[in-house]
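Please walk through the backbone of the structure shown below, with attention to its less common local geometry.

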Amino acid sequence: MPRIPVKVKEKGIGDRLIRFRCGLQNTILDVLKARPGWQEVVGDGDPDFFWCEVHWMKDTFDHAYLEEHVKLNHFRNHYELTRKNLMVKNLKRLRRALERESGKLEAQKCDFFPSTYELPSEYHIFVDEYRRNPGFIWIMKPIARSQGKGIFLFKRLKDITDWKKGTEYLPNSDQTKEVPETYVVQRYIENPYLIGGRKFDIRIYVLVTSYTPLRVWLYRSGFARFSNTRFSLESIENSYVHLTNVAVQKTAPDYDPEKGCKWSLQQLRMYLTAKHGVENVEQLFKDINEIFIYSLQSCQRVIINDKHCFELYGYDILIDANLKPWLIEVNASPSLTASNHDDYNLKFGLLNDVLNVLDMENRLTGKERRIGLFDLLWDDGAVILDDSITSDYVNNFATSLNAFLGCKEDRKDNLRQVFQTAQALKKVP
Ligand SMILES: Nc1ncnc2c1ncn2[C@@H]1O[C@H](COP(=O)(O)OP(=O)(O)OP(=O)(O)O)[C@@H](O)[C@H]1O
């Protein structure tokens, strides 16, 4: 089928197809290929749009000449927010600044990340805190790995002796040296919110199109990732209980990708609403939105703003038994590989909406506050969200419920209760 050329004169592309390049072979490539008026660059040609991998930014961005209109999916030093140790460093700095300028109460708004130290550099400060809080469980996470690799929980200091003996490869040399890999050690959240006895965390997508001024879009769909095994603090060495990453859970012997370990954000929101009421759940989601804004503000001055760059962040949030949200991590390259059919649809829709917000086709006025499932959350200041979100959740819920009824018995009672509430909510004019 012939492609229809898209007119984008004001952005300097002219009356021709938008050329793209894509460093990944997953949903994003499908979205780009399916987009009318877009064409993949083969060979050496310069693209108008490049979905690159993070290492490209490090290796090539500084030497690349980019025309005015060209767009790339990372900021040059994205790692200021997406590397575990740097994220915490920036958040601690913001907390100190708030305390200095506005007092302790204001600074407490940053208390959404568990107490964290970088190891080995902050080992002694950590040991002081460890001794002040005997009995706490801690989690060790390597700063430069993902998908749960290298993560473990511990209670006794001597359990991290092996880490202290670690071996590190020395760059630009064939040698290795007996130094430990850099980790963060973090207070483990021992009272996660449980559904059907299982722990979960939530993945929410946030799109930043500019850091100066800060412009943030929040995606309405997302998902909760459940662990496959009932939660217990008895077995802290069992990853299937404590780590909710899909990469970990899918290796569990009884993992079923279709029933899966995922709920959509809408389903989770309905469940929580049924249990705790609309107000408490709205407060929870407001608190989560504040996490996005504070964390982005914490690195706003250090991120190199560039008109060519945008970033689609995958936020990982854990909710505790008191409905308090905790920031676990921000991902610069959230997985765009789908784990099942619903996941594919979510990711396809998400990425298509990212392109709609970026508007390479120059169709929008620039005043839009909602584009597809993205809501403008921050535009150099807070943007008031409309409340049609809640009714969307209610409407989507009944459809999703059928899929759930095939799930395990211990979740069914909860779900029946949610279903009744959802029906009742639907009757509210
Ligand atoms: N402080 C914490 N308290 C409780 N659970 C935690 C904590 N930190 C991490 N976890 C659990 O461990 C999982 C993995 O942690 P994290 O996302 O930081 O690691 P990762 O290997 O970088 O994962 P990703 O694949 O998302 O990049 C989380 O999804 C969460 O279930």
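Pro120 lies in the loop that runs between β7 (116–119) and α6 (123–132), where helices (H or I, at least four residues) and strands (E, at least two) are DSSP runs numbered from the N terminus. The model is a predicted one, in which local features need pLDDT of at least 70, side-chain atom pairs count only at pLDDT 80 or more, and totals for chains, interfaces and linings use all residues. Residues are numbered from 1 along each chain as its sequence is written.

Most residues other than glycine have a negative phi, and most peptide bonds are trans. Against that background, the bond joining Leu119 to Pro120 is a cis peptide bond, with omega at about 10 degrees. A cis peptide bond also joins Thr212 and Pro213, here with an omega of about -5 degrees, and Pro213 sits in the loop between β14 (198–211) and β15 (214–226).

The remaining features concern phi. Leu323, although not a glycine, has a positive phi of about 60 degrees, and this residue belongs to the loop between β17 (311–319) and β18 (325–331). How exposed or buried is Leu323? Leu323 counts as partly exposed because it has 15 C-beta neighbours inside 10 Å; a residue is buried if 20 or more other C-beta atoms lie within 10 Å of its own, exposed if 12 or fewer, and partly exposed in between, with C-beta atoms placed from the backbone.

Asn362 is likewise not a glycine and has a positive phi of about 60 degrees; its place is the loop between α12 (341–358) and β19 (370–371). Since 14 C-beta neighbours fall inside 10 Å, Asn362 counts as partly exposed.
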